[in-house]
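This report goes through selected features of one structure, from single loop residues to salt bridges, a surface patch and a pocket.

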Amino acid sequence: MNKKYYLNSAIVVILMSFFRFIPGFGAMTSMGMTILGIFLGALWGWITCDMIWPSILALVMLGFSGYTANVSEALTATISNGTIQLILWLLVFSAILTTTGISKWFVAKLVNSRLCKGHPWRLSLFICLAVWVCAAFGAGFAAILICWQLVYTVCEQVGYTKADKWPKMMVCAIIFFNALGALALPFQAGVVANFGFLAKASEGTYSDYNYIQYLAFSIIFCVVTMVIYFLFCRFILRPDMSKLMNSIEVEKANKLDIRQKIAMGALIALIVLTIVPSCLPAGPVKAFLMQLGTTACVLLIVGFVTFLRGKDGKPYFTFKELANNGIMWPLLFMVATATMIGGALSSADTGFTATVTSVFEPVLANASPYICAAVIAIATLALTNLINNTVASAIMIPVMYPFAASLGINPLMMTAVVCFCANCGLLLPCASPAGAMLHGNKEWVSTKEAEIHSLLGIAALALAAVLVGIPLGGIIFR
């Protein structure tokens, strides 16, 4: 294993150091080949080695590429990037939810409702919806483990075995609904990162997006995708649901404690402070909230919850606790590096965008805006299942932008569609952390079964994107 690791590490270094000596192709310049080599090296490292050290090495090498004056400037530009700052504090905020057990409370509350008892498909949908909601609120991975355990408990009570179709379907459906929920709210880290890629690609032309418009799009799009997915499950997988007609006992939801109430209040405050400004008429209140910005709102909420004290004089939350439990450093390093290198690669001086555009141009030059948008959506889905979610976005959004600008496609709409397409990397374990969790659960699903169920999810998302997402986004993002 060490030999393989060091071999892949050597490939990372070779790509970053020597790719620049390959003669340029298309419109690629010398600087473009240098930055492309750095990007490919980072990509190889992320897939085969680690997230952090390839990211650090890539940023250092970027300082010698000519894109920035020196290494210090490259590091400073990365750290000071507004998108990365927002993602950092959103990760800290997410720990307010994950450390209080809100996701477990929500799942227990939902499954114990009268709507689920005696209704197998409704029960299955509600378990998946619980994951979707928890993922939307930043607790998706906790919800995956909780709902998997819930499925195992149900199987034990009603007599399902690991060979039955229903538990296999549910293990995979939970992962798919987590992928949908992770992009449901407009202030989530993945959404912010993708629109940050658009801001870079458009050189600031599309530096902001309307939260209300995105929320309306995401909810309708997710509902349509869920319906298509469950229709596939019902008529293609056709699991035996008869055993779920029996009575099922699961742990009941206890009353919210004070920390959970604070967490719920913090979540409501974040939703209000980030979404309300889009609804307000022009005036001093709207101007103040717009000037405050989302990043400051997140920081103020985090600061307030760490300010609160219990009767014993101890804080309900400490910043150390939130930072330690919330910040996923590998993810943050990868997103920061992908954002920086993606912006560098898409700059006019590299020739990368012009080169990739020339590859798509024979297919898309005379295509209608709808066909162009559909091809980009499908290409993003294919790419994200071969490499990595964030990397797929970092590549496809800069590629998408010039076509959108020339064909009259709304780049905000297209970015929203790419958000969901790029987050469905489930076919291979290297495609996403959720994909790795799915393929790692070999006790309940084999590799072949995981791939078959993943293809159902990918097909459902592709149909939803092409048939509903693109025309719907064209109406909403005006």
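Is Arg238 buried or exposed? The model is predicted, and in this model Arg238 is exposed, with a relative accessible area of 61%.

**Loop residues with positive phi**

Arg238 sits in the loop between H11 and H12. Its phi is positive, about 50°, although Arg238 is not a glycine. Glu203 is another non-glycine residue with a positive phi, here about 55°. Glu203 belongs to the loop between H10 and H11 and, at 67% relative accessibility, counts as exposed.

**Salt bridges**

The structure holds three salt bridges. The table gives the residues of each pair and the N to O distance.

| Basic residue | Acidic residue | N to O distance |
|---|---|---|
| Lys162 | Glu443 | 2.4 Å |
| Lys168 | Glu449 | 3.1 Å |
| Arg259 | Glu321 | 3.2 Å |

For Lys162 and Glu443, the closest N and O atoms are 2.4 Å apart. Lys162 is in the loop between helix H8 (140–158) and helix H9 (165–181), and Glu443 is in the loop between helix H20 (433–440) and helix H21 (447–476), so this pair ties together parts that are 281 residues apart in sequence. Lys162 counts as partly exposed at 38% relative accessibility, whereas Glu443 is exposed at 53%.

The salt bridge of Lys168 with Glu449 has an N to O distance of 3.1 Å. Lys168 lies in helix H9 and Glu449 in helix H21, so the pair ties together parts that are 281 residues apart in sequence. Lys168 counts as buried, with 10% relative accessibility. Its partner Glu449 is partly exposed, with a relative accessible area of 24%.

In the remaining pair, the side chains of Glu321 and Arg259 meet at 3.2 Å, N to O. Because Glu321 lies in helix H14 (residues 319–326) and Arg259 in helix H12, this salt bridge ties together parts that are 62 residues apart in sequence. Glu321 is partly exposed, with a relative accessible area of 22%. Arg259 also counts as partly exposed, at 21% relative accessibility. The cut-off for buried is under 20%, so the values of 22% for Glu321 and 21% for Arg259 place both residues in the partly exposed class.

**Further residues of H9 and H21**

Two other residues belong to the helices that carry Lys168 and Glu449. Pro167 is located in helix H9 and is buried, at 0% relative accessibility. The C-alpha atoms of Pro167 and Val154 are separated by 9.1 Å, with their positions 13 residues apart along the chain counted as the sequence separation. In helix H21 there is Lys448, which is exposed with a relative accessible area of 62%. Lys448 and Leu427 are 21 residues apart in sequence, and their C-alpha atoms are 9.9 Å apart in space.

**A nonpolar patch**

Which residues make the nonpolar surface patch of about 470 Å²? Ile219, Val223, Val227, Leu231 and Phe235 form it. Val227 lies in helix H11 (residues 211–237). At 48% relative accessibility, Val227 counts as partly exposed; the class of exposed residues begins over 50%.

**The second largest pocket**

The second largest pocket has a volume of about 530 Å³. Its lining is made up of 23 residues, and Ser207, Asp208, Tyr209, Tyr211 and Thr294 lie nearest its centre.

Which helix gives the most to this lining? H13 does, with seven residues. At least two lining residues come from each of helix H5 (82–98), helix H10 (189–201), helix H12 (258–279) and helix H13 (284–307). Helix H12 thus appears twice in this report: it supplies residues of the pocket lining, and it holds Arg259, the salt-bridge partner of Glu321.

By residue class, the lining of the second largest pocket divides into eleven nonpolar, ten polar and two charged residues.

How values were computed: Residues are numbered from 1 along each chain as its sequence is written. This is a predicted model: local features need pLDDT of at least 70, side-chain atom pairs count only at pLDDT 80 or more; totals for chains, interfaces and linings use all residues. Side-chain values use heavy atoms; hydrogens and water are left out. On a 1 Å grid over the protein atoms alone, a cavity is a set of points where a 1.4 Å probe fits but cannot get out, and a pocket is an open set with protein on both sides within 12 Å along at least five of seven lines; lining residues have an atom within 4 Å of a point. Grid points are joined across faces, edges and corners, and a volume is the space filled by probe spheres set on the points. Helices (H or I, at least four residues) and strands (E, at least two) are DSSP runs, numbered from the N terminus. Ala, Val, Leu, Ile, Met, Phe, Trp, Tyr, Cys and Pro count as nonpolar, Asp, Glu, Lys and Arg as charged, and the others, Gly among them, as polar. A salt bridge is a side-chain nitrogen of Lys or Arg within 4 Å of a carboxyl oxygen of Asp or Glu. Buried means under 20% relative accessible area, exposed over 50%, partly exposed in between (1.4 Å probe, protein chains only). Patches are made of residues with over 30% relative accessible area and no salt bridge: like charges are joined within 9 Å, nonpolar side chains (Val, Leu, Ile, Met, Phe, Trp, Tyr) within 5 Å. Accessible areas come from the Shrake-Rupley method with a 1.4 Å probe; for residues, only the protein chains shown count as cover.
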